[in-house]
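Thanks for making the time. Let me put the model up, and then I'll walk you through it.

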Amino acid sequence: MRLASTTGDFMSFCNRDAVKAVQAFEGTGFKHIDFSFYRMNYENSPFMSDDWVKEIASVSKAAEKLGFDFVQAHSPGNDYFGKDKKEVIDGNIRSIEACAYLGIDRIVVHSGRSNSFFLPQDMKTYLNGIKEFYSALFPAMEKYNVSVLAENYIPADK
């Protein structure tokens, strides 16, 4: 068993700087990291730019220097039903590509967060959207040999 923690816990403290989030683990005793892309898909994010590999290479170097490895990742937070679908898909595909670069073979994807649906009335629409979302990720999953772990989220009390 490998005990890991996520960079997501430090991103707010590190002003969305992924390298600083990795460095924040120094001295904690953790050696295995769940890399969080959760807050990296935003306007003008270096992660979503053409130079994204440079950003991820810096993360990789920081982890290597401190003796850390990445055991899984979490995809960008998104509301597939309430935002630009292309932006959400692009952010998740970029995360899968970055996982391959970092040697991460699995990523947790939060596909179902939505404030737009009231189940069970909208169940069919919701499930069709989730299927559409995951289907868009399959080419990247296969190309980069990264498994997607589904973590649906929708408020259960609505």
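I'll go through the fold, the strand pairing, the salt bridges, two backbone angles and one cavity.

Ground rules, briefly. This is a predicted model, so local features need pLDDT of at least 70 and side-chain atom pairs count only at pLDDT 80 or more, while totals for chains, interfaces and linings use all residues. Residues are numbered from 1 along each chain as its sequence is written, and side-chain values use heavy atoms, with hydrogens and water left out.

Fold, then. The chain has four helices and five strands. Those are DSSP runs, numbered from the N terminus: H or I with at least four residues for a helix, E with at least two for a strand. Along the sequence the pattern reads β-α-β-α-β-α-β-α-β. Burial next: 46% of the 158 residues count as buried. Buried is under 20% relative accessible area, exposed is over 50%, and partly exposed is in between, with a 1.4 Å probe and protein chains only.

Now the pairing. Strands pair here if DSSP finds at least two bridges between them. Strand β2, residues 32–36, runs parallel to β3, residues 69–74, and five bridges join them. To find the register, look at Asp34: its opposite number in β3 is Gln72. On to the next pair. β3 also runs parallel to β4, residues 106–109, with two bridges. There, Ala73 stands opposite Ile107 in β4. A general point while we're on strands: in a regular strand the side chains alternate between the two faces of the sheet.

What handedness does the unit of β2, helix α2 and β3 have? It is a right-handed β-α-β unit, and α2 covers residues 52–66. Right-handed means this: with the strands pointing away from the viewer, the path from the first strand over the helix to the second runs clockwise.

Salt bridges. The criterion is a side-chain nitrogen of Lys or Arg within 4 Å of a carboxyl oxygen of Asp or Glu. By that rule there are five. I'll take three of them.

One is Arg2 with Asp69, closest N and O atoms 3.9 Å apart. Arg2 lies in the segment before β1 (4–6) and Asp69 in strand β3, so the pair ties together parts that are 67 residues apart in sequence. Both ends are partly exposed: Arg2 has a relative accessible area of 49%, and Asp69 has 29%.

Next, Lys85 and Glu132. Their closest N and O atoms are 3.3 Å apart. This pair also links distant parts of the chain, with Lys85 in helix α3 (residues 85–102), Glu132 in helix α4 (residues 123–144), and the two positions 47 residues apart. Lys85 is partly exposed at 36%. Glu132 is partly exposed at 41%.

Then Lys86 and Asp90, with closest N and O atoms 2.6 Å apart. Both lie in helix α3, four residues apart, about one turn of the helix. Lys86 is exposed, with a relative accessible area of 55%. Asp90 is partly exposed, at 30%.

Stay with α4 for a moment. Tyr134 lies in that helix. Buried or exposed, this Tyr134? Buried, at 13% relative accessible area. From Tyr134 to Asn92 is 42 residues in sequence and 9.9 Å in space, C-alpha to C-alpha.

Backbone angles. Asn15 has phi near 50°, a positive value in a residue other than glycine. Asn15 sits in the loop between β1 and α1 (18–23), and is exposed at 70% relative accessibility. Asn145 has a positive phi too, about 55°, and is not a glycine either. Its loop is the one between α4 and β5 (147–150). Asn145 is exposed, at 64%.

Last, the cavity. The structure holds one of 30 Å³ or more, and the largest has a volume of about 30 Å³. Here a cavity is a set of points on a 1 Å grid, over the protein atoms alone, where a 1.4 Å probe fits but cannot get out; lining residues have an atom within 4 Å of a point. Grid points are joined across faces, edges and corners, and the volume is the space filled by probe spheres set on the points.

Which residues line the largest cavity? Arg16, Arg39, Met40, Tyr42, Ser45, Pro46, Phe47 and Glu55. That lining divides into four nonpolar, one polar and three charged. For those classes, Ala, Val, Leu, Ile, Met, Phe, Trp, Tyr, Cys and Pro count as nonpolar, Asp, Glu, Lys and Arg as charged, and the others, Gly among them, as polar.

That's the tour.

Note on methods
On a 1 Å grid over the protein atoms alone, a cavity is a set of points where a 1.4 Å probe fits but cannot get out, and a pocket is an open set with protein on both sides within 12 Å along at least five of seven lines; lining residues have an atom within 4 Å of a point.
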